[in-house]
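Here are two exercises on how chains meet in a model. Work through each one with the structure open, then check the solution.

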Amino acid sequence: MIFVPVYLVFVPILAAMIIFLFQKPKMAYLALVAQGVVTVLAVWYFLTFRDDYSQTFFTFGGWNNLIGIGFRNDAISISFLFLSIFIWWMVLIYTFNAKKDTRNFLFFLLFLEGVFFGLIQTNDLFNMFVFIELTTILVSILVAYEKAGDSFRAAIYYLLLNTAGVLAFLLGIILLYYSFGNININQITTMIASSDLSETTTVRFAYVLLMSGIAVKSAMFPLFTWLPRAHAVAKSGVSALLSGIVVKGGLYLFIRISLMFAAAPYDTSMFFFAIGATTAIVGVMFAMTQKDIKQILAYHTVSQIGIMMMGLSSTDSLTFSGGLLHLYNHALFKSLLFLGAGIIVNVYKTKNIKYIRGVFRAMPLLSILMIVGMLSISGSPLFNGFISKSVIKYGLTDAQYWLLQIVNLGTATSFLKMSQIFFGPRTLSYPLVRKREYLPVALLAVACLTMGVLHVPIADFVLDVDLAKFKPISLQYVFEYGLMLGAGFLLYKYVIDKDYKPVQWIRNFRISFETANYMFLLYFTVMIGVFVVYPML
Amino acid sequence: MVKQALLLVLLGGIFAVFYLVTEDLSELYNNFGKTYFQLNGLLETGSRNLVTAIYLDYRLFDSFFEAGILLVAVAGIIWISKHDLNEKNAQFMLDRYKTPDLFITFSRIVYPMMLVFGFYVIINGHLSPGGGFQGGAIVATAILILYYIDHDRETNIKQIVTIEKLVFFLIVLVASLSLLTRGEFFTNFMPLDSSVASKAIYLVILNILIGFKVALGLWTIFTAFLREGR
Amino acid sequence: MNPLLTFIVVLIGFYGLATSKNIIKSVFSVTIIESGIILLFLNLGNFEGGGIPIVGESLTNIVDPLPQALMITTIVIGSTVTALALMLSIKVFHHYGTVEWAEVLGRKDGE
């Protein structure tokens with residue numbers, strides 16, 4: 001029973017290898033079987049340990065827990081586990097094809113799943129590093145999977161920039177090992193709480209190294225440049241996976257390391273709120289000006305990560321769980337939008353929203369599902385994005401509140417812009433869409449609505465927080481949302497649509513690789529200034 | 001120019017902070033792990049080489065994914081490099097007549113020695129410096145030399161990749177045996193109180209498997225590169 | 001060797017990443033950072049007169065074996081990353097005919 005986490009890691013990996021070894025297309029069904037086994041195991045595990053997560057800790061080989069590698073689970077990791085299982089189901093159904101030879105793709109997809117489960121559950125810093133690096137390698141292979149020129153350049157950009165970040169993370173682990181004598185996360189948490197080691201320069205420097213590595217992985221400002229490249233060129237299923245859950249791996253690390261240093265006297269919340277707000281505003285600014293449908297969605301991932309950071313950086317537990325909730329909700333609606341956009345791109349053979357017209361007449365069901373996703377991401381009442389944004393808003397001061405409103409306005413504008421694809425005359429006579437591809441999109445739309453309406457019991461069940469004071473709908477909320485849409489429409493009509501010089505400039509603005517690394521060093525130095533040098537003065 | 005100067009200032013600043021860190025570390029230095037391994041390492045794992053004791057027993061879980069990274073990279077490189085896995089190839093990219101005869105002759109002498117040395121390092125991994133990963137790399141280098149000697153060699157990549165995957169299965173299987181004998185995941189399958197000599201059986205088996213896997217993985221990687229160079 | 005010297009190796013790698021305009025050079029910068037980190041990790045645990053971590057060889061004071069075991073993992077990871085990055089850059093060259101970042105990234109999508 002206690003070893004279920006090990007099975008969760010190894011079932012997808014071994015299934016991946018069996019699929020790879022037997023070269024029959026029919027073996028693809030094994031992926032579904034493995035996924036089913038993982039789901040059953042995870043549910044069983046959750047029901048057993050739901051009341052007391054402190055029992056979930058174990059060490060491989062039964063060694064002293066300071067020496068061996070341990071696994072442990074808590075409410076956050078379990079909820080991440082279920083979220084990732086759900087998204088993997090959707091992507092698997094979406095890309096499933098037993099007639100074609102997809103074993104290479106399934107191999108990488110399922111291996112990534114096993115590795116991601118390991119990343120979520122591990123309690124050892126070096127083991128975490130191994131898993132992060134393995135995810136980086138797997139993601140870059142999945143990005144390059146299409147074997148087109150732009151997927152190769154996106155893959156190498158992703159691989160090198162993220163490896164540089166992960167190596168900074170490793171350097172941090174080294175310094176922590178020499179100061180604490182072990183790399184067990186639980187033990188370091190206790191040692192930080194019980195001693196004043198965290199005030200030494202070494203541990204502060206290690207904290208900065210860990211956090212700047214994570215900043216690359218989780219695409220914070222100014223290090224998000226790899227994300228639009230990688231997420232926009234991958235296959236639609238892979239984009240949904242990357243934007244939905246894999247990029248959240250970085251935020252998960254942020255949560256873990258923040259909790260590890262929770263007892264340390266670092267003033268983190270101001271700094272990370274500022275980073276989050278900048279990320280959100282810059283991301284939404286880029287998103288408003290793009291014309292490529294997948295680029296729009298990818299830049300929205302950046303801006304939504306900023307919003308999550310606004311919540312997660314808070315020390316207040318309610319705002320923090322608001323950030324967490326927004327993370328889950330974003331995984332749902334962003335996967336929905338990417339999968340839906342994938343169907344549209346397949347049918348119309350273009351990614352430019354200028355040339356896509358009449359989607360509503362051609363594919364009414366898909367359009368309704370996409371509109372659900374758009375309403376969720378722009379924070380409409382009754383949908384899940386609204387709930388988590390209200391929870392985050394609740395803990396903000398006035399100035400911070402307006403920052404969030406600016407981001408919301410930008411989101412509304414860019415989705416008004418994107419919604420023009422629905423209008424217009426029907427240009428395609430009979431779109432060829434496989435029925436199977438509709439299923440995950442529809443399920444995700446249902447999940448968005450469920451999270452929007454039944455947020456109180458769900459949040460209580462999973463995260464143990466009471467959200468009863470956040471109502472899903474009222475006249476005031478609808479009015480506010482309508483006002484937001486109106487302002488967004490004006491902004492779109494008179495600024496974005498006119499295509500002024502600055503708008504074009506932002507659209508074509510790309511950061512080169514060496515500048516991205518330069519910014520990494522700059523970010524790193526600023527963090528040193530804030531967390532190491534400033535307290536010494 | 002300004003950019004470069006600023007960059008140097010940034011790096012200088014980071015270096016200055018790191019200087020303070022090293023000053024700090026000598027006081028902080030915590031040797032808990034070192035003491036533990038020195039006292040218990042041999043008795044608990046049966047390995048004289050404490051490094052081997054760590055990566056084959058205490059932290060075996062890491063080693064899986066270390067082997068797994070190689071596995072994934074091999075599969076990825078093969079996928080990226082070409083469409084058809086069945087194609088037989090790996091012709092040497094250098095012209096035969098440009099490789100000096102002296103080099104070929106010496107390669108012939110060195111090849112068996114390297115192979116034997118590689119196996120020695122793998123098998124004695126628990127007694128002397130070395131182990132599966134290091135020895136596997138040496139064996140792979142020896143195989144690379146083989147391409148200098150006989151550059152018309154053909155390698156069936158598909159077969160190697162299949163064997164590599166099977167070896168990974170075997171590694172997981174051998175490591176999981178401890179679940180049956182000791183009720184613990186991923187450790188020595190011999191009971192904890194058995195003698196050092198009997199524990200070594202497990203270490204040798206696992207070192208050989210890992211060495212095999214690493215050698216095959218590296219072999220595939222450079223075969224893929226040789227093919228690109230054509 | 002002094003840990004400070006090895007940290008300079010790490011910084012040289014970062015300098016290379018932030019200035020090199022060529023994909024291959026960037027790949028090697030990452031490799032340099034990695035070598036620097038490996039040397040740094042081993043150096044910080046080293047001390048004058050430390051024996052090798054093999055029981056029976058050195059009687060009294062051994063160096064910490066854990067960094068050495070972890071660094072084997074890092075070396076393997078590093079070599080696979082380098083191999084994958086080089087293969088990707090070969091492919092980039094096949095598609096764009098150049099390995100300069102500016103030219104590769106400057107092309108419009110869909111070449």
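A salt bridge here is a side-chain nitrogen of Lys or Arg within 4 Å of a carboxyl oxygen of Asp or Glu. Keep in mind that this is a predicted model.

**Exercise 1.** Work out what kind of contact chain B makes with chain C, starting from the number of salt bridges.

*Solution.*
1. Apply the rule above: the count between chain B and chain C is zero salt bridges.
2. Look for polar contacts next: four residue pairs turn up across the interface of chain B and chain C, both residues at pLDDT 80 or more.
3. See who supplies the chain B side: α1(B) gives the most, with ten residues.
4. Sort that side of chain B by class, and you get 26 nonpolar, seven polar and six charged residues.
5. Now the area: about 3500 Å² is buried between chain B and chain C, and carbon and sulfur atoms give 79% of that.

**Exercise 2.** Do the same for chain A and chain B, and find which side chains meet in a salt bridge.

*Solution.*
1. Start with the residues: chain A puts in 64 and chain B 53.
2. The buried area between chain A and chain B is about 5400 Å², with 78% from carbon and sulfur atoms.
3. Pick out the big contributors: A:W63, A:I67 and A:Y518 supply 14% of the area that chain A buries against chain B, more than any other three residues.
4. Count salt bridges between chain A and chain B, and there's one. The partners are A:D124 and B:R59, at 2.8 Å, N to O.
5. Polar contacts between chain A and chain B come to ten residue pairs, both residues at pLDDT 80 or more.
6. Finish with classes: the side of chain A that touches chain B has 47 nonpolar, 15 polar and two charged residues.

Conventions:
Residues numbered from 1 in each chain as written. Chains lettered and ligands numbered in written order. Predicted model: local features only at pLDDT ≥ 70, side-chain atom pairs only at ≥ 80, totals over all residues. Heavy atoms only, no water. Buried area = accessible area lost by both parts, 1.4 Å probe. Polar contact = N/O pair within 3.5 Å; in protein donor to acceptor, adjacent residues only side chain to side chain. Helix = DSSP H or I, 4+ residues; strand = E, 2+ residues; numbered from the N terminus. Nonpolar A, V, L, I, M, F, W, Y, C, P; charged D, E, K, R; others polar. Contact = heavy atoms within 4.5 Å.
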